[in-house]
Amino acid sequence: MLIVQKFHSIHEIDPEFITNLEVLLQEDIESFDTLIQRHDRAPQTDVFTYFLFFGPTQNAPIGFAQLCLRSIPTKTLLPWWKRWKFWNKSHESWKQATWQVGDGSGGLCVFDPRFARSGKEKMLELFKEYEKREDIKAQSFYTLRGLQETNVSWPLTKNWSKEFFVLEPLFKSSKTYEDYLKNLTHELQSHVKQSWKDLHSKSGIALGDYPCTSETPHALPIEKDLLDVWEKWGAQVLTFEKDNKVLGCLLLLKGRNGNVFFEPFPFESEGQAIVHDELYTQYALLKFFDMPEARKCHLMKFGVKLVFEDKNELQFFQEQGFQCKTVNQTFFSRMEELLHPL
């Protein structure tokens, strides 16, 4: 039987648990600071609860789940005649419950595989607990297809669902970047090699590799506040430079157990870029294969994993060796007026 401990703020979680949480979430976040940043930047309409699960003999968390209660804007959703009863203000506390880990790409929850079954049972208990609350008028679930399907027991609910595709990491299956290129299709291999050749010989662009943000060029067009955050996270920065100008950069963050996260920041005008998108990915891979401790290469955008609504859009990355997974967002509402998640 699992024991669950609730925290209503990310800042309430005991520091002694953070290392174990980072291991549990190693495929989804580079560090616990990512969750803190998302919590602190969330809109005022959102209230969070974090669930840490413990085994009968464990003093460290073996599971993690996250719930967001978002206020339902009844003033804009409900017609006036449903709000005119001034003595009944219950509608002002109505909420939507959203179950997701981080940005939702990790699904509902994360458990140590040894506790997957008991963890699922405990999650079902939590779902039922919140279903019974009168103020919960809608629920949204992010689930990994084939692993975390769920439902609600509400009668006469309004249902909605959406499927999207999340870019998963590239595994280090080759010893070197050169060996990696040899495993690509001949056409793609030739294209990548020609792109590198054009970058150096025709465009005269140099590659920069800075172990910390304090060593990056002054010409790097990143705000100081963001650079300070990167410095706090222990980030490295890779750059494309020409004539004392930085055309673009890659943020490099080391996670747990060989998980490495890269996020591109192109600074050139769209349609006039010298450095094309595929070279940001290839520079990340070049660095990834040069890191002995690296095992999995993750690509990010706006601090989260890349998400696509059309699976065909993944082809560009899958041809280069990246994996993907399918996430379903399902929504249930007890309100006729609320047909889609907030």
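Mentor: Before we start, contact means heavy atoms within 4.5 Å. Also, this is a predicted model.

Trainee: Fine. What does L285 touch, leaving out residues up to four places away in sequence?

Mentor: Leaving those out, L285 touches L170, Y177, Y180, C297 and F322.

Trainee: And which residues have the most contacts inside the largest nonpolar core?

Mentor: F262 and L285 do, in a core of 36 residues.

Trainee: Which elements each supply at least two residues of this core?

Mentor: On the helix side, α5 (177-182), α6 (186-202) and α8 (277-289) are among them. The strands β7 (158-168), β10, β11, β12 and β13 (296-301) each supply at least two as well.

Trainee: Which of them gives the most to this core?

Mentor: That is α8, with 7 residues. Apart from this core lies another, of 22 residues, including F51, F111, W154 and F332.

Trainee: Any general reason to expect such clusters?

Mentor: In soluble globular proteins, nonpolar side chains tend to be buried together.

Trainee: Back to α5. Where is D179, and is it buried or exposed?

Mentor: D179 sits in helix α5. Neither word fits, because its relative accessibility is 30% and D179 therefore counts as partly exposed. Buried would need under 20%, and exposed over 50%.

Trainee: How many Å separate the C-alpha atoms of D179 and F267?

Mentor: They are separated by 31 Å, with the two residues 88 apart along the chain.

Trainee: Let's do β11. How many of its residues are buried?

Mentor: 8 of its 10 residues, which leaves β11 mostly covered.

Trainee: How many bridges join it to β10?

Mentor: Strand β10, residues 236-242, is joined to β11 by 7 bridges, and the two run antiparallel. Opposite V246 in β11 stands E241.

Trainee: What about the hairpin of β10 and β11: which residue takes a positive phi?

Mentor: D243, with phi near 50°. That hairpin has 2 residues between the strands.

Trainee: And how many bridges join β11 to β12?

Mentor: Here 7 bridges join the strands, which run antiparallel. One pair is L253 with its bridge partner F261 in β12. This hairpin has 4 residues between its strands, and N257 in the turn has a positive phi of about 55°.

Trainee: Changing topic: pockets. What volume does the largest pocket have?

Mentor: About 790 Å³. Its lining has 40 residues, with R38, D103, F302, G303 and V304 lying nearest the centre.

Trainee: Which elements give two or more residues to that lining?

Mentor: The helices are α2 (32-40) and α7 (224-233). The strands are β2 (46-54), β3 (63-71), β4 (95-99), β6 (136-144), β11 (245-254) and β12 (259-266). So β11 and β12 give residues to this lining as well as to the largest nonpolar core, going by the runs DSSP assigns.

Trainee: How does the lining divide by class?

Mentor: It has 21 nonpolar, 11 polar and 8 charged residues.

Trainee: Now the second largest pocket. How many residues line it, and which lie nearest its centre?

Mentor: The lining has 23 residues, and C109, V110, F111, L144 and Q148 lie nearest the centre. The volume of this second pocket is about 610 Å³.

Trainee: Which element has the largest share of its lining?

Mentor: α4, with 5 residues. Elements giving two or more are α4 (116-131), β5 (109-111) and β16 (323-333). By class the lining divides into 12 nonpolar, 4 polar and 7 charged residues.

Methods
Residues numbered from 1 in each chain as written. Predicted model: local features only at pLDDT ≥ 70, side-chain atom pairs only at ≥ 80, totals over all residues. Heavy atoms only, no water. 1 Å grid on protein atoms, 1.4 Å probe; cavity = no way out; pocket = protein on both sides within 12 Å on 5 of 7 lines; lining within 4 Å. Points joined across faces, edges and corners; volume = space filled by probe spheres on them. Nonpolar A, V, L, I, M, F, W, Y, C, P; charged D, E, K, R; others polar. Buried < 20%, exposed > 50% of the residue type's maximum accessible area, 1.4 Å probe, protein only. Pairing = 2+ DSSP bridges. Core = buried A, V, L, I, M, F, W, Y, C linked by side-chain atoms within 4.5 Å.
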